[in-house]
Amino acid sequence: MLRYLTAGESHGPCLTAIIEGLPAHVPIVTEEINQMLCRRQGGYGRGGRMKIEKDKVEITSGVRHGFTIGSPVTLKVANKDWENWSEIMSTDKVEEFQDKEIKRPRPGHADLPGGIKYGHRDMRNVLERSSARETAVRVAVGAMAKQLLNQLGITVVSHVLQIGSAKVMQSVDAIRMDEVLASPVYCTDLGAERKMLAAIDAAKEQGDSLGGIFAVHVSGMPPGIGSHVHWDRRLDGRLAQALMSLQAIKGVEVGLGFAAAALPGSQVHDEIAYDKEHGYYRRTNRAGGLEGGISNGEELIIKAAMKPIPTLMKPLASVNIESKETVMADIERSDVCAVPAASVVGEALVAFELAKAVLEHFGGDNMAVIKGRWEQWEEYVEEY
Ligand code: EPS
């Protein structure tokens with residue numbers, strides 16, 4: 001089974017991930033991981049931290065001479081900013097530290113529920129781990145999963161559809177990554193992009209923050225991945241969980257998503273067609289490539305809604321956890337909008353979950369064996 005763990009605090013020395021279950025002989029290009037890390041750092045609306053960090057991955061196990069060798073892969077992304085936090089984040093006790101403790105939880109953040117749960121009176125002990133800084137190493141994990149998927153001709157891309165109320169009005173069918181990357185908000189619709197940039201500027205001026213929606217598109221998925229036979233094998237449910245695990249995500253849609261609730265069945269379901277060249281296909285793709293929790297061979301289209309970041313420069317009311325008095329919430333350095341960055345993380349999370357599902361389906365500890373089974377499956381589907 002493919003799985004991973006992450007560790008690390010936002011201002012600790014580094015973030016670490018261990019991936020277990022990657023088959024041997026997946027070609028790994030470190031620079032491709034770094035390019036994805038760089039994309040995650042980008043996007044208009046990011047705060048001061050991204051000017052400090054130059055995220056790069058260090059692979060310390062499991063890869064040799066450009067290939068996975070089947071052993072656990074360890075990934076490390078250093079926090080450059082740690083140098084400025086070494087005393088605050090010291091693992092050894094530091095005297096006279098009382099005054100800097102975080103006592104005014106931010107509404108919408110993990111500060112208060114995390115403080116109550118773990119019994120912390122200094123909520124830095126919560127925010128350091130709940131911070132979306134952790135997503136840097138999850139992107140490195142996803143970038144490796146993408147390299148595995150690429151071996152099978154599966155590509156995963158993402159783009160931004162909405163920031164605040166500024167949104168793409170027409171459906172975007174083919175995503176061109178060069179066009180996405182050319183946009184400061186990772187949005188290929190120039191009219192929407194202009195409104196998004198203005199919305200971020202306005203939010204910044206008002207000491208506010210903005211959320212939005214991004215979409216992840218996956219092409220090259222064969223039919224038959226995931227299963228209808230048991231709840232925890234449904235691929236739509238698994239992808240939703242993967243995306244909901246991303247900090248600040250409040251909703252996930254597959255295909256038409258919530259819009260399907262308002263339409264009659266005749267305008268929701270995709271008619272099935274067949275021809276010799278394509279085999280079975282759908283005349284439309286409102287299902288987002290998933291029926292019955294199983295991939296149906298069409299493009300996977302999944303959207304996620306991100307709430308605005310809870311740190312507000314003009315803070316909301318909160319309560320001091322010592323005095324119990326009404327106060328303004330704490331202000332930490334933060335981003336005005338991190339939706340473009342979240343789109344890159346979403347892409348990584350979807351890629352990992354798909355790599356896991358693909359390996360479950362095809363099995364194998366060695367890429368050559370997996371490719372052989374993949375080809376057999378393609379032949380079987382063609383003949384079905
Ligand atoms: C982030 C790093 C963080 C924040 C942001 C995302 O760095 P710092 O807290 O030092 O400024 O910029 O995290 C949050 C918005 C959050 O709420 O935790 C990153 O690397 O993406």
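# Exercises on a predicted protein model

Glu53 and Arg49 are joined by a salt bridge in which the closest N and O atoms lie 2.8 Å apart. This structure is a predicted model, and the exercises below start from that pair.

## Exercise 1. The salt bridges of Glu53

Task: Determine which residues form a salt bridge with Glu53, and state whether the partners are buried or exposed.

Solution.

Step 1. Identify the partners. The carboxylate of Glu53 pairs with Arg49, with 2.8 Å between the closest N and O atoms. Glu53 also forms a salt bridge with Arg133, where the closest N and O atoms are 3.7 Å apart.

Step 2. Locate the second pair along the chain. Glu53 belongs to the loop between α2 (49-52) and β3 (57-61), whereas Arg133 belongs to the loop between α4 (124-130) and α5 (135-151). The two residues are 80 residues apart, and the pair links distant parts of the chain.

Step 3. Assign the burial classes. A residue counts as buried under 20% relative accessible area. Glu53 has 1% relative accessibility and is therefore buried. Arg49 has a relative accessible area of 9%, so Arg49 is buried. Arg133 is buried, as is Glu53.

## Exercise 2. From one pair to a network

Task: Establish where Arg333 and Asp81 lie, how exposed each one is, and which residues are linked with them in a network of salt bridges.

Solution.

Step 1. Confirm the contact. The side chains of Arg333 and Asp81 form a salt bridge with an N to O distance of 2.7 Å.

Step 2. Place both residues. Arg333 sits in the loop between β17 (326-328) and α9 (339-362), and Asp81 in the loop between β6 (73-78) and α3 (111-118). With 252 residues separating them, this pair links distant parts of the chain.

Step 3. Compare accessibility with the cut-offs. Partly exposed residues fall between 20% and 50% relative accessible area. Arg333, at 40%, is therefore partly exposed, while Asp81, at 1%, is buried.

Step 4. Extend the picture. Arg333 and Asp81 belong to a network of salt bridges that also includes Arg40, Arg49, Glu53, Asp55 and Arg133. The protein chain has 26 salt bridges by the distance rule.

## Exercise 3. Positive phi angles outside glycine

Task: For His65 and Tyr186, give the phi angle and the loop, and decide whether each residue is buried or exposed.

Solution.

Step 1. Read the backbone angles. His65 is not a glycine, yet has a positive phi of about 50°. Tyr186, likewise not a glycine, has a positive phi of about 55°.

Step 2. Find the loops. His65 lies between β4 (63-64) and β5 (67-68). Tyr186 lies between α6 (177-182) and α7 (190-205).

Step 3. Classify the surroundings. Exposed means over 50% relative accessible area. His65 reaches 70% and is therefore exposed, whereas Tyr186, at 7%, is buried.

## Exercise 4. Surroundings of Cys14 and Lys371

Task: State which elements hold Cys14 and Lys371, and which residues they contact beyond four places in sequence.

Solution.

Step 1. Treat Cys14. This residue lies in strand β2 (residues 14-20). Cys14 touches Ala7, Gly8 and Glu9, together with Lys76, Val77, Ala78 and Asn79. Glu271, 257 residues from Cys14 along the chain, has its C-alpha atom 50 Å from that of Cys14.

Step 2. Treat Lys371. Helix α10 (residues 367-383) contains Lys371, and a relative accessible area of 30% makes this residue partly exposed. Lys371 is in contact with Gln151 and Leu152. The C-alpha atoms of Lys371 and Gly224 are 16 Å apart, with the two positions 147 residues apart in sequence.

## Exercise 5. The chain as a whole

Task: Explain why the protein chain is described as being as compact as a globular protein of its length.

Solution.

Step 1. Count the elements. The protein chain has 10 helices and 17 strands.

Step 2. Apply the globule rule. For 384 residues the rule gives 21 Å; the radius of gyration is 22 Å, close to that value, so the chain is as compact as a globular protein of that length.

Step 3. Add the extents and contacts. The C-alpha trace spans about 75 × 50 × 40 Å along its principal axes. Of the contacts with a separation of 6 or more, 70% join residues 24 or more positions apart.

Step 4. Describe burial and charge. Buried residues form 47% of the 384 residues. The chain carries 44 positive and 51 negative side chains, and the centres of the two sets are 3 Å apart.

How values were computed. Residues numbered from 1 in each chain as written. Heavy atoms only, no water. Rg over C-alpha atoms; globule rule 2.2 N^0.38 Å. Buried < 20%, exposed > 50% of the residue type's maximum accessible area, 1.4 Å probe, protein only. Contact = heavy atoms within 4.5 Å. Lys, Arg positive; Asp, Glu negative; His and termini not counted. Charge placed at Lys NZ, Arg CZ, Asp CG, Glu CD. Salt bridge = Lys/Arg side-chain N within 4 Å of Asp/Glu carboxyl O.
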